[in-house]
Amino acid sequence: MALTLYVDTARWRAHHKHVSEQFPGLVPVCKGNGYGFGHERLADEATRLGSDVLAVGTTYEAARIKDWFGGDLLVLTPFRRGEEPVPLPDRVIRSVSSVDGVYGLVGARVVIEVMSSMKRHGVSERDLPQLHAAIENVRLEGFAIHLPLDRTDGSDAVEEVIGWMDRLRAARLPLHTMFVSHLKADELARLQQQFPQTRFRARIGTRLWLGDHDATEYRGAVLDVSAVAKGDRFGYRQQKVASDGWLVVVAGGTSHGVGLEAPKALHGVMPRAKGVARAGLATVNRNLSPFVWGGKQRWFAEPPHMQVSILFVPSDAPEPKVGEELVAHLRHTTTQFDRVVER
C-alpha cells in the first residue's frame with residue numbers, strides 16, 4: 001500500500017521529444033528532487049534525448065549526478081569565494097555572477113550570468129569592462145540570462161535579451177553561446193535569426209519534464225476505512241466528527257510532501273478571494289486535502305501524519321474500500337513517492 005506515481009512513459013517521452021524539437025540545443029534541467037522523478041531517472045532521460053549538457057542546481061547535485069550522466073554538467077547556482085569545495089570532474093561548468101567570481105575560478109570552465117529584470121544575480125553593465133581581463137584565465141563557455149516568468153509591465157523578453165547582446169557586443173566580449181531561460185520557442189527563433197553567429201541554448205526543466213500533465217498521476221492507496229457518526233471523537237486530538245460518514249486512511253503524509261505547499265503568486269480578484277477563504281477555513285481546522293474521491297477533493301479529517309493522511313468522506317459519497325486508490329493532486333517538486341509504475 002503506497003503513494004504511487006503512475007507514468008504514461010510513451011506519452012511522457014513523446015512530450016520530451018516535442019520540446020527538444022522546438023528548442024534546438026536544449027539543455028535539460030535536473031535540480032531539487034528531480035522534478036519529482038529523481039536525479040538518476042532524469043539523467044537517463046536526458047541521455048536518451050541525446051543531450052550533451054545537463055543543468056543541475058548545486059555542486060552537491062553535480063557530485064551525485066556525475067555518475068549517471070556522461071556529458072557536461074552545468075551548475076546553475078553561482079560560484080562564491082569561500083564556498084565548501086566539492087570534488088568535481090573537468091566536465092562540470094560553473095555559473096558565475098560577479099567579476100570576483102570569475103577571478104576565483106582560474107582555469108575552470110565558466111558561464112557568466114548577466115543581471116536580468118529578475119534582479120536575482122548577475123554581472124551588471126558597469127562590470128563589463130572588467131571582464132576582459134578576468135576571462136583571460138578561465139575557459140568561457142558562454143553567457144547566460146535568466147528571465148522572469150511573467151511580464152506584468154508589458155515588456156518583451158526578446159528585447160531584454162537583445163539589449164544584453166548589444167551591451168556584450170559593445171564591450172567586445174565573446175558571444176559564441178548564450179544560455180537562456182523562460183523563452184518561448186518563437187522567441188528563441190527570433191533571437192537566433194537576429195544573431196546567427198551566436199548559439200542560443202534554452203535551459204528548460206518544468207516545461208520539459210512536467211509540461212504534459214496527463215502523462216503522470218499520483219495516487220494514494222486506501223489503507224483503512226472506519227464508519228463514524230456525528231459527534232464521534234477521533235484522531236490524535238480527539239476532535240468530533242461533524243456529520244455521518246467515513247474516516248479514510250490513505251497512503252501519503254508529510255514525509256511524502258502531502259500537506260506541504262509552496263507560496264503562490266495570486267493574480268486577480270477571484271484567486272485572491274479563494275485564498276482568503278482557504279485561510280479562514282484553516283483557522284477552524286478545515287483544510288482541503290489533495291486527494292480526490294467521488295469526483296471531489298476531500299477534506300483532511302486532521303493534519304496529515306508522517307506517512308498517511310486521514311480524510312473525512314461524508315455519507316452522501318460512495319464508501320471507499322481498502323485497496324482502492326485515490327487520485328492526488330500533488331506538486332511534483334515537493335513530492336516523494338513510494339514507488340513508480342510505468343504504463
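A crossing of two helices is right-handed if the near helix is turned clockwise from the far one by less than a right angle, and left-handed if anticlockwise. The structure is a predicted model: local features need pLDDT of at least 70 and side-chain atom pairs need 80 or more, while totals for chains, interfaces and linings use all residues. Numbering starts from 1 along each chain as its sequence is written, and side-chain values use heavy atoms, with hydrogens and water left out.

**Overview. The whole chain, with nine helices and 18 strands.** Helices (H or I, at least four residues) and strands (E, at least two) are DSSP runs, counted from the N terminus. Along its principal axes, the C-alpha trace spans about 75 × 45 × 40 Å. Of the 343 residues in the chain, 47% are buried (under 20% relative accessible area; exposed is over 50%, partly exposed is in between, with a 1.4 Å probe and protein chains only). Take the contacts (heavy atoms within 4.5 Å) between residues at least 6 apart in sequence: 67% of them join residues at least 24 apart.

**View A. Helix 1 crossing helix 2.** The two axes, lines fitted to C-alpha atoms over the stretch in contact, come within 11 Å and cross at roughly 55°. Helix 1 and helix 2 are therefore oblique to each other; angles run from 0 to 180 degrees between N-to-C directions, with under 35 roughly parallel, over 145 roughly antiparallel, 65 to 115 roughly perpendicular and the rest oblique. The crossing of this pair is right-handed. Helix 1 brings Thr9, Trp12, Arg13, His16, Lys17 and Ser20 to the contact, and helix 2 answers with Arg41, Leu42, Glu45, Arg48 and Leu49. Sorted by class, that makes three nonpolar, three polar and five charged residues (Ala, Val, Leu, Ile, Met, Phe, Trp, Tyr, Cys and Pro count as nonpolar, Asp, Glu, Lys and Arg as charged, and the others, Gly among them, as polar).

**View B. What helix 2 (residues 39-49) tucks away.** Its buried residues are His39, Arg41, Leu42, Ala43, Glu45 and Ala46. They pack against helix 1 (9-22), strand 2 (27-28), strand 3 (53-56), helix 3 (59-65), helix 8 (206-210) and strand 18 (339-342). Just after helix 2 comes Gly50, with a positive phi near 85°. In the loop leading from strand 2 to helix 2 sits Tyr35, which has a positive phi of about 55° without being a glycine. For comparison, most residues other than glycine have a negative phi. Tyr35 counts as buried because its relative accessible area is 6%.

**View C. Helix 6 alongside helix 7.** The axes of helix 6 (residues 157-170) and helix 7 (residues 185-194) come within 10 Å and cross at roughly 30°, so the pair counts as roughly parallel. This crossing is right-handed. Look for Ala157, Val158, Glu159, Val161 and Ile162 on helix 6, touching Glu187, Arg190, Leu191 and Gln194 on helix 7. The tally for this contact is five nonpolar, one polar and three charged residues. Past helix 6, in the loop before strand 8, Arg172 turns up with a positive phi of about 60°, though it is not a glycine. At 71% relative accessible area, Arg172 is exposed.

**View D. The buried residues of helix 7.** They are Glu187, Leu188 and Leu191. Seen down the helix axis, they fall within an arc of 100°, so they line one face of helix 7; the arc is that of the directions from the axis to the C-beta atoms. Their cover includes helix 6, strand 8 (177-181) and strand 9 (199-204). Glu187 has a relative accessible area of 12%. Setting aside neighbours within four places in sequence, Glu187 is in contact with Ala157 and Val158. From Glu187 to Glu159 is 28 residues in sequence and 9.7 Å in space, C-alpha to C-alpha.

**View E. Met115, in the loop between strand 6 (109-114) and helix 5 (128-134).** Met115 is partly exposed, at 25% relative accessible area. Not counting residues up to four places away in sequence, Met115 touches Arg120, His121, Gly122, Val123 and Trp164. Asn137 is 22 residues from Met115 in sequence and 22 Å away, C-alpha to C-alpha.

**View F. Thr59 in helix 3.** With 8% relative accessibility, Thr59 is buried. Its contacts, leaving out residues up to four places away in sequence, are Val75, Glu83, Val86, Leu88 and Arg94.
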